[in-house]
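Subject: Structure for your files

Hello,

I am passing on the structure we spoke about. Please look it over together with the notes underneath.

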Amino acid sequence: MTTPQKDPLRTSLRHALHHRTLRSSRRKLTTLSPSSTDFSSNDFLSLSTSPVYRARFLSHLHSAPPLHPFASGGSRLLDGNSPYAEALESQIASFHNAPTGLLFNSGFDANVGVLSTLPQPGDVIVHDALVHASAREGMRLSRAGTRVEFEHSCPRSLEAVLRKVVEEDEAVRDGGRSVFIVVESVYSMDGDVAPLREFVEVVDRVLTRGNGYFVVDEAHATGALGPKGAGVVQELGLEGRMFVRVHTFGKALASHGDTRDYLVNYAKSLIYTTALGFPFLASIRTAYELLAEGETQLLQDTLQGLVTYLDARLQDLGPWDPTIFSVDHFPNSPIFSLRSAVPRELAAVCQRDGFIVRAIMAPTVPAGKERVRVCLHAGNTMQEIDGLVGVIQGWLNRPTEGKVARL
Ligand SMILES: Cc1ncc(COP(=O)(O)O)c(C=O)c1O
């Protein structure tokens, strides 16, 4: 009789998943009912369903000459480059007031490419405590000698960290070694806008040799904030102070020419992957044309109106015991955090009534800061917001054992 084969790998995978189930942190892919109301996606301007966007995109596709390749032929450095891709990069760079642009296949790839390659051996990375997983991955792969975090969006903490670095590292003090300051302009989970101007002032004060380089991820600002949706950096006129800006709306980054060349030579997430094919390029081009022509201004304004409306409606819910419910919202941000000790329950109640919101759990957000993330879009309506707030109100007013909720 043969003994049953042991399969240590599968056992280990199953254990890991079981562990997540026990900790209520097991992730699952879900699909959405098309009739549900979107209060979750990052499609802030609702461009993905805009008839104007669709018509322009299809016309770009139709205008391609016969036999124009619709699929990508390889990586950018081999057969995946095209005059179309290069023209699009110039268009994006000019929209973002940058000398050059470089397309990556995703924002994740851009962050990994930038942060794994630009810091040179021994350089220092100083990053906000809440930067995205893609930036963390890039930093993990980098050759930087030191990586330190500062408190989320806190200029005082940045200053303290930088002063310590300068004190301990003579090469930084002398300007022979660079310090990369890695931040986002709008944080994906809290929706707050970073104090970029204050950060620049801190860097100028502490790194007096000009060896501080900002890498800013504008993923959640592009389209939604700034002039014509160009982002927070342009709103503040800080383009010249940012070394690299990552705009995931177009999966592109804005940078200086030599930085672009360096990335083309060294960023593995650009070099060793099949480039975006023509339909993807055409869709990015469509979005940037609409932004540049001011076609999205109305959508941006509508979105801001809805942000003000939801903010007021949530405030009307009144103060609650914060372990039950509280709202975190940064002015003008389309992202709201509904904090609760039971975010999954609140999200499930909203979803049952057709409102797509997501519970965001640790480790995506720090433990103890779990929440329901609500994201507004230009295509949402006040009636939809009323509906969502009504469901939240119903959930708050439900009979609870303790009945201690309302303050
Ligand atoms: C702040 C931030 N940067 C980068 C990314 C990755 O962008 P992409 O979805 O284009 O890979 C995301 C996406 O979740 C993000 O939230």
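The notes below cover the whole chain and then one helix.

Please keep in mind that this is a predicted model.

Overall fold. The protein contains 15 helices and 13 strands. Its radius of gyration is 23 Å, and a compact globule of 407 residues would have one near 22 Å, so the two agree. The C-alpha trace spans about 75 × 65 × 60 Å along the principal axes. Of the 407 residues, 49% count as buried. Counting contacts between residues at least 6 apart in sequence, 73% join residues at least 24 apart.

Surface and charge. About 20,200 Å² is exposed, with carbon and sulfur atoms supplying 55% of it. There are 41 positive and 44 negative side chains, and the centres of these two sets are 7 Å apart.

Helix H12. This helix covers residues 278-292. Its 15 residues should span 21 Å at 1.5 Å a residue, and the end C-alpha atoms lie 20 Å apart, so the length agrees with expectation. H12 is mostly covered, with 11 of its 15 residues buried. Among them are Phe278, Leu281, Ile284, Tyr288, Leu290 and Leu291; the buried set also includes Ser283, Thr286 and Glu289. Which elements cover these buried residues? The cover includes helices H2 (51-62) and H3 (83-95), together with strands E2 (100-103) and E7 (242-247). Just after H12, Gly294 has a positive phi of about 80 degrees.

Regards

Definitions and conventions
Residues are numbered from 1 along each chain as its sequence is written. This is a predicted model: local features need pLDDT of at least 70, side-chain atom pairs count only at pLDDT 80 or more; totals for chains, interfaces and linings use all residues. Side-chain values use heavy atoms; hydrogens and water are left out. Helices (H or I, at least four residues) and strands (E, at least two) are DSSP runs, numbered from the N terminus. The radius of gyration is taken over C-alpha atoms; the globule rule is 2.2 Å times the number of residues to the power 0.38. Buried means under 20% relative accessible area, exposed over 50%, partly exposed in between (1.4 Å probe, protein chains only). Contact means heavy atoms within 4.5 Å. Accessible areas come from the Shrake-Rupley method with a 1.4 Å probe; for residues, only the protein chains shown count as cover. Lys and Arg count as positive and Asp and Glu as negative; His and the chain ends are not counted. The place of a charge is taken as NZ of Lys, CZ of Arg, CG of Asp or CD of Glu. The expected span of a helix is 1.5 Å times one less than its number of residues.
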